[in-house]
Amino acid sequence: MLRPSTSLPRRGQGPLWRNPTIRALVIQAVMFIALAAFIGFLVHNTLLNLDARGIHTGFGFMNERAGFSISQTLIEYTNSSTYGRTFVIGLLNTLLVSILGIIAATIIGFLVGIARLSPNWLLARLATIYVEIFRNIPLLVQILFWYFAVLRSLPSPRQSLSLFDAFFVNVRGLVVPDPQPMAGFAATPWALLIAVVITIVFGIFAKRRQMATGKALPVYWIGAAIIIGLPLIVFLATGSPLEWSVPELTGFNFRGGINVLPELVALWLALSIYTAAFIAEIVRSGILSVPQGQTEAARSLSLPGAITLRKIVLPQAMRVIVPQMTSQYLNLIKNSSLATAIGYPDLVAVFAGTTLNQTGQAIEIIAMTMAVYLIISLTVSFLMNLYNARTLLKER
């Protein structure tokens with residue numbers, strides 16, 4: 001006996017425009033084509049305007065002679081160098097002040113952030129005053145203060161402030177001895193690299209040993225001894241192949257040594273102190289995010305405060321600190337472009353400033369400058385995200 005079918009009849013597919021998946025793809029394709037057409041219109045219109053004014057596009061100007069001097073160069077440069085060389089010099093100067101600023105701001109920020117939570121009333125209040133003052137004064141004002149009010153008021157080279165007759169401070173900057181490597185010195189950096197590798201391997205071994213036996217080794221002290229001792233032994237064994245060019249006052253200026261520009265010092269101080277105020281608050285919030293029970297448990301085990309902070313509190317606080325601190329690092333790198341206010345030869349001042357004024361290649365130069373800052377920021381974000389992934393709690 002045949003039984004009637006209880007299954008529902010299949011619905012027809014219907015027109016494609018009623019399918020939400022197809023409709024979404026069509027809308028995205030239309031928006032992409034419209035955006036591409038708009039960008040193409042802008043590029044075409046710009047090229048027409050440039051051609052009407054006799055302005056040629058392209059990167060051929062990078063091989064032309066620059067013809068101007070730069071006050072600070074980390075690589076060899078003369079007036080006969082090319083505009084491509086000025087781009088590299090500006091990039092290196094930007095990276096220099098950014099790296100120095102990140103290092104100093106991190107150290108100061110952590111110290112001030114921890115000091116704000118100190119049981120010492122005076123220390124905590126001083127840290128609070130530091131944060132409230134430097135966080136609420138515009139960065140440009142701080143740069144101008146350090147440059148004009150502090151460094152530009154120093155004495156002339158003849159009346160320089162000296163330390164051990166080797167370090168001199170005057171209105172033209174800081175003059176320090178210049179190390180001159182000799183034959184055989186190359187072995188010392190290699191020894192330092194090998195010492196770092198040995199320390200990392202030893203740290204991994206000590207961690208696995210502690211997990212297996214519960215016994216901890218003094219990794220920090222042993223690692224410091226390896227990193228300092230091995231290069232020092234190699235340096236002495238190769239006959240100390242390093243000489244120092246001590247600056248000497250000759251006429252109205254110093255000869256020999258390394259002259260650190262006051263513009264670099266002012267920019268570095270302002271960037272470091274300003275960014276450190278924000279990092280201090282990030283560190284304080286990260287420490288406060290750790291449950292109080294963690295600290296109480298450490299005290300019940302009679303652990304010293306320094307070990308509790310280093311081994312228990314900070315590792316957990318880094319989960320909160322690292323993402324926010326990444327933003328501060330990026331802000332510091334981008335804020336370094338304020339160097340043009342005091343004449344520090346960074347990428348913006350040298351390449352997007354003088355080079356642009358001499359060549360008139362605005363589109364190419366500005367595009368390259370924007371691309372450099374974008375690449376630097378993405379690189380820093382990538383590295384910090386890798387570190388952040390290691391600090392996250394691993395669920396079992």
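## Strand pairings, core and salt bridges

Across from L163, the bridge partner in β2 is F167. That's a handy place to start in this predicted model. L161 has a bridge partner in β2 as well, namely V169. Taken as a whole, β1 and β2 (residues 167-170) pair in the antiparallel sense, with three bridges between them. The turn that connects the two is a hairpin with three residues between the strands, and F164 there takes a positive phi near 60°.

**The sheet**

Moving on from β2, a second hairpin leads to β3, this time through two residues. β2 and β3 (residues 173-176) are again antiparallel, over three bridges. V169 turns up once more here: its bridge partner in β3 is L174. So which residues flank V169 in the sheet, given that L161 is its bridge partner in β1? L161 is on the β1 side, and L174 is on the β3 side.

Add β8 and you have the full open sheet: four strands in the order β1-β2-β3-β8, with antiparallel pairing. Why is one side of β1 and of β8 left without a neighbour in the sheet? β1 (161-163) and β8 (258-260) stand at the edges and have a single partner strand each, so one side of each stays free of a neighbour there. On average, neighbouring strands of this sheet are turned by 20° against each other, ignoring direction.

β2 also has two distinct faces. F168 and N170 make up the covered one, while F167 and V169 sit on the uncovered one. In a regular strand, side chains alternate between the two faces of the sheet. Notice that F167, the bridge partner of L163, belongs to the uncovered face of β2.

**The nonpolar core**

Over to the helices. The largest nonpolar core has 66 residues, and L267, I321 and F351 have the most contacts inside it. Which helices each supply at least two residues of this core? The list is α2 (83-115), α3 (121-135), α4 (139-150), α7 (262-288), α9 (305-335), α10 (347-359) and α11 (362-391). Helix α7 gives the largest share, 15 residues.

T86 is worth a look too. This residue lies in helix α2, and with a relative accessible area of 0% it counts as buried. If you want a sense of distance, T86 and V234 are 148 residues apart in sequence and 38 Å apart in space, going from C-alpha to C-alpha.

**A patch on the outside**

Not every nonpolar side chain is tucked away. L35, F38, I39, F41, L42, V43 and L47 make a nonpolar surface patch of about 670 Å². Of these residues, F38 lies in helix α1 (residues 20-52). Is F38 buried or partly exposed? F38 counts as partly exposed, because its relative accessibility is 48% and the partly exposed class runs between 20% and 50%.

**Salt bridges**

Side chains of opposite charge can pair when their charged atoms come close. Searching the whole structure turns up four salt bridges, and the table has three pairs among them.

| Pair | Closest N to O | Placement |
|---|---|---|
| R116 and E281 | 2.3 Å | loop between α2 and α3; helix α7 |
| R284 and E281 | 3.1 Å | helix α7, three residues apart |
| R135 and E132 | 3.2 Å | helix α3, three residues apart |

The R116 and E281 pair links distant parts of the chain, 165 residues apart. Both partners are buried; E281 gets that label because its relative accessibility is 15%, and the cut-off for buried is under 20%.

E281 also meets the side chain of R284 in a salt bridge. Because R284 and E281 are three residues apart in helix α7, about one helical turn separates them. R284 counts as partly exposed, at 24% relative accessibility.

R135 and E132 have a similar arrangement in helix α3: three residues apart, or about one turn of the helix. Here both residues are partly exposed, R135 with a relative accessible area of 26% and E132 at 37%.

How do these charged residues fit together? Salt bridges that share partners join R116, E132, R135, E281 and R284 into one network.

Terms used
Residues numbered from 1 in each chain as written. Predicted model: local features only at pLDDT ≥ 70, side-chain atom pairs only at ≥ 80, totals over all residues. Heavy atoms only, no water. Pairing = 2+ DSSP bridges. Axes fitted to C-alpha atoms, helices over the stretch in contact; angles between N-to-C directions. Patch = residues over 30% accessible without salt bridge, like charges linked within 9 Å, V, L, I, M, F, W, Y side chains within 5 Å. Areas by Shrake-Rupley, 256 points an atom, 1.4 Å probe, with all protein chains shown as cover. Buried < 20%, exposed > 50% of the residue type's maximum accessible area, 1.4 Å probe, protein only. Core = buried A, V, L, I, M, F, W, Y, C linked by side-chain atoms within 4.5 Å.
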